[in-house]
Amino acid sequence: MIDSFGRRITYVRLSVTDRCDLRCRYCMAERMQFLPRSEILTFEEIVELADLLIARGVRRMRLTGGEPLVRKGIEMLCASLGERIGHGLDELTLTTNGTQLARFAQDLHRAGIRRVNVSLDSRQPDRFRHITRRGELPQVLGGIEAAAAAGLAVKINMVALKGLNDDEIEDMLLWCAAEGHDLTLIETMPLGEVEEDRSDHYLPLDAVSRRLEQRFTLVPVLSRTGGPARYYDVKELGLRLGFITPLTGNFCEGCNRIRVTATGTVFGCLGHDQKVELRDVLRSGGAGAVDRAFDALLAGKPKGHDFRIAAARPAVARHMSVTGG
Ligand SMILES: C[S@@+](CC[C@H](N)C(=O)[O-])C[C@H]1O[C@@H](n2cnc3c(N)ncnc32)[C@H](O)[C@@H]1O
Ligand code: SF4
């Protein structure tokens, strides 16, 4: 799959549910109306879609949500997709809030998953509960421990929020280094509908990296993954630190990815409405029709996104993972 700007699409983020057991303030409204089950792709449809994508050159797949581990039977989906590793698929990964990780860590490893991204915006129980509106920190920390014990490499994703956790970034970095996890800091993006004004907590990460550079040596990692993060090796700590900065840094020119929502809508870009609806095509049209839909998506994949923090963008991403990469 090569788009009209010559970018080869090898990476897919696949949302397996719009549901979540948390309500992070920057991501979801407190009272959510989730989709009826009939609108969500079945596991059979997800696997069929995954096979079509692999046949067209996708090599890495990341499962996400909502919260992927709240979907019933997720371990069976992981096992099925895991069978594709080494047969077209190079890697299967998952992004999770960690609340169910203790239960599923071993299943994930057994399925062939070797790396997970776990979202953790604070290591202070009260703050964590405030940001997620209901999360219990020990449960997530227990999940992270179980993941590591099961042999999964853990990367922590921390959304940097002015006035909520910006004073904890150094502490998180040191904790990650001590625990052997990498860390990626994420700028809040104007995605999905939330009740609060996200710009109140918007924290530009260029200022954070300048602050960290006063204390640590950040050595840029030159190879890019095709994803939105820029990585640095923190010399003193021996960990890799990522920055996802959609608003202060552009990452579109090397973009190698597309995103599939839980309802089978495929977006060429997170910050655009350009999309194709695959669910009904999958249910009635057959493989040829799905291929034609992908061709249309690639022909129209935008050159880049256009996020502005104050802009009221449509809720293009409510049913998909934003970053986590
Ligand atoms: C949407 S979640 C889905 C997977 C899982 N529930 C989790 O939280 O990791 C994926 C990632 O997107 C991040 N995220 C969600 N909404 C965001 C926003 N508006 N701006 C920046 N990152 C966001 C989350 O912090 C998380 O790291
Ligand atoms: S960021 Fe993840 S855990 Fe938080 S509400 Fe969104 S989907 Fe749920």
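Me: Let's start with Phe243: is Phe243 buried or exposed?
Reply: Buried, in this predicted model: the relative accessible area of Phe243 is 5%, and anything under 20% counts as buried.

Me: How many aromatic pairs are there, and how do I read one?
Reply: You describe a pair of aromatic rings by how far apart the centres are and by the angle of the planes. Here the count comes to one aromatic pair. Tyr232 and Phe243 make it, with 5.6 Å from centre to centre and 80 degrees between the planes, so the pair is edge-to-face, given that planes over 60 degrees apart fall in that class. Tyr232 sits in strand β8 and Phe243 in strand β9, eleven residues apart.

Me: Which way do β8 and β9 run, and over how many bridges do they pair?
Reply: As background, side chains in a regular strand alternate between the two faces of the sheet. In our case, β8 and β9 (residues 239-244) pair in the antiparallel sense over six bridges. One detail is that Phe243 is the bridge partner of Arg230. The hairpin of these two strands has four residues between them, and Gly238 there takes a positive phi near 65 degrees.

Me: What joins β7 to β8?
Reply: Three bridges, with the strands running antiparallel. Tyr232 in β8 turns up again here, standing opposite Pro220.

Me: What should I make of backbone angles, say the phi of Arg133?
Reply: The general idea is that most residues other than glycine have a negative phi, and most peptide bonds are trans. Arg133 goes the other way, with a positive phi near 65 degrees. You'll find Arg133 in the loop between α4 (125-132) and α5 (137-149). Arg133 is also buried, at a relative accessible area of 14%.

Me: And which residues does a cis peptide bond join?
Reply: Gly65 and Gly66, with omega at about 25 degrees. Gly66 belongs to the loop between β2 (60-64) and α2 (74-82). Gly66 is also one of the residues around ligand 2, together with Cys20, Leu22, Arg23, Cys24, Cys27, Met28 and Asn97. That shell divides into five nonpolar, two polar and one charged.

Me: Where is Arg215, and what does Arg215 contact beyond its sequence neighbours?
Reply: Look in the loop between α7 (205-213) and β7 (218-220). Leaving aside neighbours within four places in sequence, Arg215 is in contact with Glu170 and Leu174. Val194, by comparison, is 21 residues from Arg215 in sequence and 35 Å from it in space, C-alpha to C-alpha.

Me: Which arginine lies over the face of Tyr11?
Reply: Arg257, at 3.7 Å from the ring centre.

Key: Residues numbered from 1 in each chain as written. Chains lettered and ligands numbered in written order. Predicted model: local features only at pLDDT ≥ 70, side-chain atom pairs only at ≥ 80, totals over all residues. Heavy atoms only, no water. Contact = heavy atoms within 4.5 Å. Near = heavy atom within 4 Å. Nonpolar A, V, L, I, M, F, W, Y, C, P; charged D, E, K, R; others polar. Pairing = 2+ DSSP bridges. Phe/Tyr/Trp six-rings, centres within 6.5 Å; stacked < 30°, edge-to-face > 60°. Buried < 20%, exposed > 50% of the residue type's maximum accessible area, 1.4 Å probe, protein only. Lys NZ or Arg CZ within 6 Å of the ring centre and 35° of its normal.
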